[in-house]
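This report examines one protein model together with its ligand. It is intended for a reader who has the sequence and the coordinates at hand.

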Amino acid sequence: MNVLAIESSCDETAAAVVVDGRTALSSVVASQVDLHARYGGVVPEVASRQHLRNIGPVIREALEAANLTLDDIDAVAGTRGPGLAGSLLVGYNAAKAIAYARDLPFLGVNHLEGHIYANWLVEGPEPKFPALCLVVSGGHTDLVFMRGHGQYQRLGGTRDDAAGEAFDKVGRLLGLPFPGGPHVAKAAEEGGPSDLKLPRAWMPGTFDFSFSGLKTAVLHTVRDGKYDTPTIAWEFQEAVVDVLAGKTSRLARELGAAEALVAGGVASNTRLREELRRRCPVPVRIPPAKFCTDNAAMIGAAAGFRLALGERSPLTEDIFTTNDWARV
Ligand code: KG4
Ligand code: ZN
């Protein structure tokens, strides 16, 4: 089944063609990062206007890159949330419009479920259940237990900032360009151990996370002026990675998970990838970086499995219908 998938939840306009939830024939991403960089963050109104400009060309490019036309498409999927409302509406309505015009099955996909399914785009055997998923993005930090396709149980999450959000805010404190995540990671490559010790919030007795105290500690450290940017970036990254890898590893052991699946933009962080692989007692699967940050192929992968189970979304469904997430 060839699924045309569309994603526009934040500042990336993306379209992809995915076969049977496993093979991306194309994955086109038009990033708006340069447009928002001067504001130090995503400006919602600017983002939705840019999505409107990009959506048509991006969909056409995704079909062309896959060497297909709309005649070859069997179903259409779109991200229905969570995300910026004005951004979501552009991609979601484009997906619904194509489905309506071509009389094709339509499916709305939760953005976080999409991130997890990026793991099915990796070549080789499929992920095994039960799986423990660590979703680390700009808006979410969740530990989700997955017993089968579409079956999610959220066992922990952040109480304040998401991991990516903490990276972005620390990037700003350090005077690095937007988005901070990759720039903090790059600065950390020049850093190393020092006597700077930043706090780790272990939140005993829970599988929750908290990064706001760490962020405040970075603010004070920057103000003190005793340490340079690479040293602060290194220690900050170690603190985040330590907690993420530590909690994921412990929970994977306690649950007897067959695999750990990592997802979301922060999953492209090299240190996080290393530490998870080193510490986790079960095999760790992490998609290639291009499928970790926002893309439409992951939406097509999630849709492929749901459609195969016979699921469809009515064209009357709106962007705030997100009840398919962590519902168990
Ligand atoms: O999943 P994503 O593309 O968008 C959301 O759904 O939020 O994640 C974006 C987040 C941003 O906060 C970005 O700074 C972070 O992922 N990120 C990274 C890295 N690459 C992207 N954080 C740390 N290290 C990286 N290499
Ligand atoms: Zn995302």
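The sections below treat the ligand site, one enclosed helix, selected side chains and the backbone geometry of a predicted model.

**The ligand site**

The space that ligand 1 takes up is the largest pocket. Two or more residues of the shell around ligand 1 come from each of the elements α4 (111-117), α5 (163-173) and α6 (180-189). Of these, α5 provides the largest share of the shell, namely 3 residues. There are 18 residues around ligand 1, and those that come nearest are Gly 138, Asp 168, Gly 265, Asn 269 and Asp 294.

Oxygen atoms of ligand 1 take part in polar contacts with the protein, including those in the following table.

| Residue | Part of the residue | Atom of ligand 1 | Distance |
|---|---|---|---|
| His 115 | side chain, N or O atom | oxygen | 3.0 Å |
| Asp 168 | side chain, polar atom | oxygen | 2.6 Å |
| Asp 294 | backbone, polar atom | oxygen | 3.0 Å |

With these contacts in place, how much of the accessible area of ligand 1 does the protein cover? Taken on its own, ligand 1 has 560 Å² of accessible area, and the protein covers 86% of that area. Asp 168 and Asp 294 thus appear both among the residues that come nearest to ligand 1 and in the table, Asp 168 through a polar side-chain atom and Asp 294 through a polar backbone atom.

**An enclosed helix**

Helix α11 spans residues 297-308 and contains 12 residues. From its first C-alpha to its last, α11 reaches 16 Å, which is close to the 16 Å expected at 1.5 Å a residue. Is α11 enclosed or open to its surroundings? Because 11 of its 12 residues are buried, α11 is largely enclosed by the rest of the structure. The buried residues of α11 are Ala 297, Met 298, Ile 299, Gly 300, Ala 301, Ala 302, Ala 303, Gly 304, Phe 305, Arg 306 and Leu 307. Just after α11, the backbone at Gly 310 adopts a positive phi of about 90°.

**A buried serine in α8**

Ser 249 belongs to helix α8, which runs over residues 229-255. The relative accessibility of Ser 249 is 5%, under the 20% limit, so this residue counts as buried. What does the side chain of Ser 249 meet at 2.6 Å? A polar atom of that side chain lies 2.6 Å from the backbone oxygen of Ala 245. An α-helix has 3.6 residues a turn, so residues three or four places apart point the same way.

**The loop between α6 and α7**

Two acidic side chains are considered here. Glu 190 is located in the loop between α6 and α7 (212-224), and Asp 195 is likewise found in the loop between α6 and α7. With a relative accessible area of 62%, over the 50% limit, Glu 190 is exposed. Asp 195 counts as exposed as well, at 58% relative accessibility.

Glu 190 and Gly 157 are 33 residues apart along the chain, and their C-alpha atoms are separated by 31 Å. For Asp 195 and Tyr 227, the sequence interval is 32 residues and the C-alpha to C-alpha distance is 9.6 Å. The side chains of Asp 195 and Tyr 227 make a polar contact at 2.7 Å.

**Backbone geometry in loops**

Two peptide bonds that precede a proline merit attention. The bond from Gly 81 to Pro 82 is cis, with omega near -5°, and Pro 82 lies in the loop between β4 (75-81) and α3 (85-102). Phe 129 and Pro 130 are also joined by a cis peptide bond, with omega about -5°. Pro 130 has its place in the loop between α4 and β6 (131-136).

Positive phi values also occur in residues that are not glycine. Asn 67 has a phi of about 65° although it is not a glycine, and this residue lies in the loop between α2 (44-65) and β4. Its relative accessible area is 72%, and Asn 67 is therefore exposed. Asp 103, another residue other than glycine, has a positive phi near 55°. Asp 103 lies in the loop between α3 and β5 (106-110) and is exposed, with a relative accessible area of 70%.

Conventions: Residues numbered from 1 in each chain as written. Chains lettered and ligands numbered in written order. Predicted model: local features only at pLDDT ≥ 70, side-chain atom pairs only at ≥ 80, totals over all residues. Heavy atoms only, no water. Helix = DSSP H or I, 4+ residues; strand = E, 2+ residues; numbered from the N terminus. Expected span 1.5 Å × (residues − 1). Buried < 20%, exposed > 50% of the residue type's maximum accessible area, 1.4 Å probe, protein only. Near = heavy atom within 4 Å. Polar contact = N/O pair within 3.5 Å; in protein donor to acceptor, adjacent residues only side chain to side chain. Areas by Shrake-Rupley, 256 points an atom, 1.4 Å probe, with all protein chains shown as cover. 1 Å grid on protein atoms, 1.4 Å probe; cavity = no way out; pocket = protein on both sides within 12 Å on 5 of 7 lines; lining within 4 Å. Sits in = over half its atoms within 2 Å of the grid points.
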